[in-house]
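Here are my notes on the model you sent, set out as numbered points. Please read them with the structure open beside you.

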2 protein chains.
Amino acid sequence: MSTILDVCKLAGVSKATVSRVINGTGQVKESTRDNVFSAMKELGYRPNRLAQALATNKTHTVGLVVSDFDGIHFGLLLKQAAASAELANKQLIVTDGHNDPAYEYEVILQLEAQCDAIVLYSRTLTDDHIQLLHKQLTIPIVVINRDLPEQLFHSVSFQQENAVTLMMNHLLTNGHKDIACITGHMNNPTGIARLNGYKNALKSASIPFQKSLLKNGHYDMKSGYQACQSLLKEKSNFTAIIAFNDCMALGALRALTEAGINVPEQVSIIGIDDDPVSEFFTPRLTTVKLPIVEMTKQAVELAITLCDESKPTHSYQYQGELIQRESVMPVKLKA
Amino acid sequence: MSTILDVCKLAGVSKATVSRVINGTGQVKESTRDNVFSAMKELGYRPNRLAQALATNKTHTVGLVVSDFDGIHFGLLLKQAAASAELANKQLIVTDGHNDPAYEYEVILQLEAQCDAIVLYSRTLTDDHIQLLHKQLTIPIVVINRDLPEQLFHSVSFQQENAVTLMMNHLLTNGHKDIACITGHMNNPTGIARLNGYKNALKSASIPFQKSLLKNGHYDMKSGYQACQSLLKEKSNFTAIIAFNDCMALGALRALTEAGINVPEQVSIIGIDDDPVSEFFTPRLTTVKLPIVEMTKQAVELAITLCDESKPTHSYQYQGELIQRESVMPVKLKA
DNA sequence: GACAAAACAGTAACCGGTTACATTGGATAT
DNA sequence: ATATCCAATGTAACCGGTTACTGTTTTGTC
């Protein structure tokens with residue numbers, strides 16, 4: 001790999017001049033510029049980004065950190081992040097935290113020198129950790145899917161509890177009363193908020209909460225499948241299932257199908273996310289859309305803005321939207 | 001962010017000594033080391049990776065470049081890559097090429113200074129481009145899913161044509177003769193090799209190739225769905241569909257279901273990949289497994305090895321494996 | 001033709017580390 | 001006591017760029 005010195009020699013000028021040509025700064029005679037350009041071309045020279053970053057303290061890079069690469073919505077999120085970054089001519093580098101909070105914390109700190117801003121979609125870090133990070137970092141960080149009342153950091157968040165309320169209301173207005181619930185990890189705010197949504201909706205409808213209708217999942221199809229199977233094994237009495245994401249809803253759908261139970265005739269199912277696969281299952285899954293693409297766009301664009309100018313921290317709120325398809329029907333019509 | 005100089009001041013030693021402590025190199029008196037460590041701790045100091053990389057010409061990072069973030073097998077690939085990288089204590093940075101060969105080429109070149117090795121899973125670059133890259137780069141590159149007879153670069157590849165042969169033989173031995181085919185992009189070796197597999201299998205079975213049974217897709221569910229719809233609209237006569245990945249097979253399955261056609265009773269479907277979602281559809285999709293996890297592991301581990309020692313280029317070959325599930329049945333039993 | 005201003009290019013310090021080499025001082029051997 | 005060696009640390013150059021500052025030409029004006 002040739003360096004700026006090679007270009008200097010070939011073009012017969014100093015480092016400063018080459019640098020000026022590279023960056024289009026200062027005054028350079030046209031003939032000199034042409035010389036330098038052709039020298040660069042001849043050598044296949046391209047500036048070393050590390051050296052540039054070190055010298056200017058600007059990396060033109062935004063870092064995206066996710067807790068785990070197989071996480072929710074991963075494809076859509078990354079694709080949008082990449083698109084937004086390119087639009088602003090920034091490099092995007094993506095890292096995961098191996099689902100380990102300590103590792104993830106370390107990764108973010110390491111990224112500090114390599115990025116101008118960080119976008120974080122964390123499932124494992126606590127709010128406290130994130131606040132600590134925010135204080136410790138000298139570069140801006142935008143947090144997706146976390147929301148603290150005090151607005152101590154930039155965040156793009158989703159109204160989790162409200163979304164579950166939407167789901168529950170859809171089931172309730174369809175006459176369902178015995179509603180099983182497949183949750184996600186309960187060690188983070190998302191899970192807790194969603195569970196509150198479930199419980200509060202029951203309370204509002206004066207339906208007692210039954211622990212036996214609650215099963216834990218891990219946001220993947222298999223755990224939804226297993227959760228549903230254990231629901232069936234325990235002969236629980238339910239006419240509908242609400243799952244804390246589409247994957248688990250789809251896993252549950254499969255379990256029901258295998259057990260010879262018709263959806264939605266015998267049991268209704270509703271998910272959340274609006275995963276791209278959801279409308280290809282039979283029946284097409286009714287769900288509440290989590291606008292991950294829009295949220296990612298917002299987050300990355302905000303992060304990029306913050307590279308150049310600081311702004312007061314603000315929380316951008318997004319809401320769920322019910323997408324009615326075929327997996328829910330009124331309970332009275334059931335056999 | 002504190003620098004090494006801050007640590008020097010606080011610990012009352014020179015940069016060289018601090019550096020020795022950081023890296024555990026050279027001789028440092030224990031009491032000095034302790035001083036330096038506590039100074040580092042007090043300041044929350046962590047070495048600037050850019051500066052380290054610049055000085056040592058070692059980044060301890062491997063770059064993973066994919067053509068597009070929503071690509072095939074994306075989640076599994078990334079997850080495994082991240083796991084393998086961490087095991088070797090390397091940072092993994094992931095970038096996509098926005099599905100644009102020129103951009104992807106540029107991205108890879110840019111990455112040269114930021115990584116010790118690169119793993120490439122490209123859908124858009126031609127073999128020629130990859131060879132050019134290989135020649136131009138001063139760091140090793142491992143290419144997944146490309147295979148050239150001359151073995152000019154390190155590659156981890158999959159026997160595409162053979163895999164399709166497996167799929168076709170499964171259908172043929174089940175008595176299918178009218179086999180529709182939903183292809184992927186035909187501008188790269190993968191698509192071409194798979195199509196050859198299809199055509200050659202037909203030839204071996206003395207079945208004439210019918211252009212009307214061939215539809216183009218883009219490896220996503222929607223295009224599989226649309227391809228199948230156009231197949232149906234044209235009233236093509238087929239008893240089985242082979243799709244160039246599971247997603248499209250699943251999209252086709254949906255189209256058939258909507259059209260009231262039973263799978264596999266009326267039409268059999270087979271895919272390729274063994275996508276995690278495939279076994280949750282009804283019927284569970286029969287497919288040929290593409291061992292992307294193993295391949296990724298191999299590729300990343302190889303790349304990491306090549307950071308430290310060079311090895312002769314070699315092509316690691318992987319094969320497909322038929323996974324029989326429920327979407328294929330003998331043709332004679334059909335209504 | 002003289003002189004100021006503008007254009008152009010080079011020098012050297014700096015970014016935050018690493019490392020070859022030099023220096024110091026204490027322990028050991030003679 | 002002196003020579004020798006080695007552990008411990010510092011000095012300074014270097015990685016590949018950027019940029020403030022300086023010096024030299026050009027250009028323009030009168």
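1. A residue is taken to be near a DNA strand if its C-beta atom, placed from the backbone, lies within 6 Å of that strand. The model is a predicted one, and the points below should be read with that in mind. By this cut-off, 28 residues surround DNA strand D, and the closest are Ile4(A), Ala16(A), Ser19(A), Ala55(A) and Ala16(B). The elements that give two or more residues to this surface are H2 and H4 of chain A together with H2 and H4 of chain B.

2. Still on DNA strand D, the largest share of the nearby surface comes from H2(A), which supplies six residues. Sorted by class, the residues of the surface near DNA strand D divide into 12 nonpolar, 12 polar and four charged.

3. Turning to the other strand, there are 27 residues around DNA strand C, of which Ala16(A), Ile4(B), Ala16(B), Ser19(B) and Ala55(B) come nearest. Helix H2 (15-23) and helix H4 (49-56) of chain A, together with helix H2 (15-23) and helix H4 (49-56) of chain B, each supply at least two residues of this surface. Here the largest share, six residues, is that of H2(B). The surface near DNA strand C has 12 nonpolar, 11 polar and four charged residues.

4. How are the two protein chains related? Chain B can be laid on chain A with an RMSD of 0.0 Å by a turn of 180 degrees, with a shift of 0.0 Å along the axis. The two copies are thus related as by a two-fold rotation axis.

5. On the contact between the chains, 39 residues of chain B are in contact with 39 residues of chain A. The elements that give two or more residues to the side of chain B that touches chain A are H4, helix H5 (74-87), strand S2 (91-96), helix H6 (101-111) and helix H11 (246-258) of chain B. H5(B) gives the most to that side, with six residues, and by class the side of chain B that touches chain A has 19 nonpolar, 12 polar and eight charged residues. Because 100% of the interface residues of chain B are also interface residues in chain A, the copies meet through the same surface.

6. As to the overall form of a single chain, chain A has 12 helices and 12 strands. Its radius of gyration is 26 Å, well over the 20 Å that the globule rule gives for 335 residues, so chain A is more spread out than a compact globule. The C-alpha atoms of chain A fill a box of roughly 90 × 40 × 30 Å, taken along the principal axes.

7. The domain assignment of chain A gives domain 1 (4-56), domain 2 (61-159 + 291-320) and domain 3 (160-290 + 322-333). The C-alpha centres of domain 2 of chain A and domain 3 of chain A lie 29 Å apart, and 12 residues of domain 2 of chain A are in contact with 15 residues of domain 3 of chain A. The side of domain 2 of chain A that touches domain 3 of chain A has four nonpolar, five polar and three charged residues.

8. For residues 2-56 of chain A, UniProt carries the feature "domain: HTH lacI-type", which comes from an unreviewed entry. In the model, the span of residues 2-56 of chain A is 71% helix and 0% strand, and its end C-alpha atoms lie 20 Å apart.

9. Some backbone details deserve a look. A cis peptide bond joins Thr282(A) and Pro283(A), with omega about -5 degrees, and Pro283(A) has its place in the loop between strand S9 (268-273) and strand S10 (286-289) of chain A. In chain B, a cis peptide bond joins Thr282(B) and Pro283(B), where omega is about -5 degrees, and Pro283(B) is found in the loop between strand S9 (268-273) and strand S10 (286-289) of chain B.

10. Lastly, His98(A) has a phi near 50 degrees, which is a positive value in a residue other than glycine. His98(A) is found in the loop between strand S2 (91-96) and helix H6 (101-111) of chain A.

Notes: Residues numbered from 1 in each chain as written. Chains lettered and ligands numbered in written order. Predicted model: local features only at pLDDT ≥ 70, side-chain atom pairs only at ≥ 80, totals over all residues. Least-squares fit on C-alpha atoms with pLDDT ≥ 70 in both. Contact = placed C-beta atoms within 7 Å. Helix = DSSP H or I, 4+ residues; strand = E, 2+ residues; numbered from the N terminus. Nonpolar A, V, L, I, M, F, W, Y, C, P; charged D, E, K, R; others polar. Domains from an automatic or database assignment. UniProt positions renumbered as here; feature names shortened; annotations may be inferred. Rg over C-alpha atoms; globule rule 2.2 N^0.38 Å.
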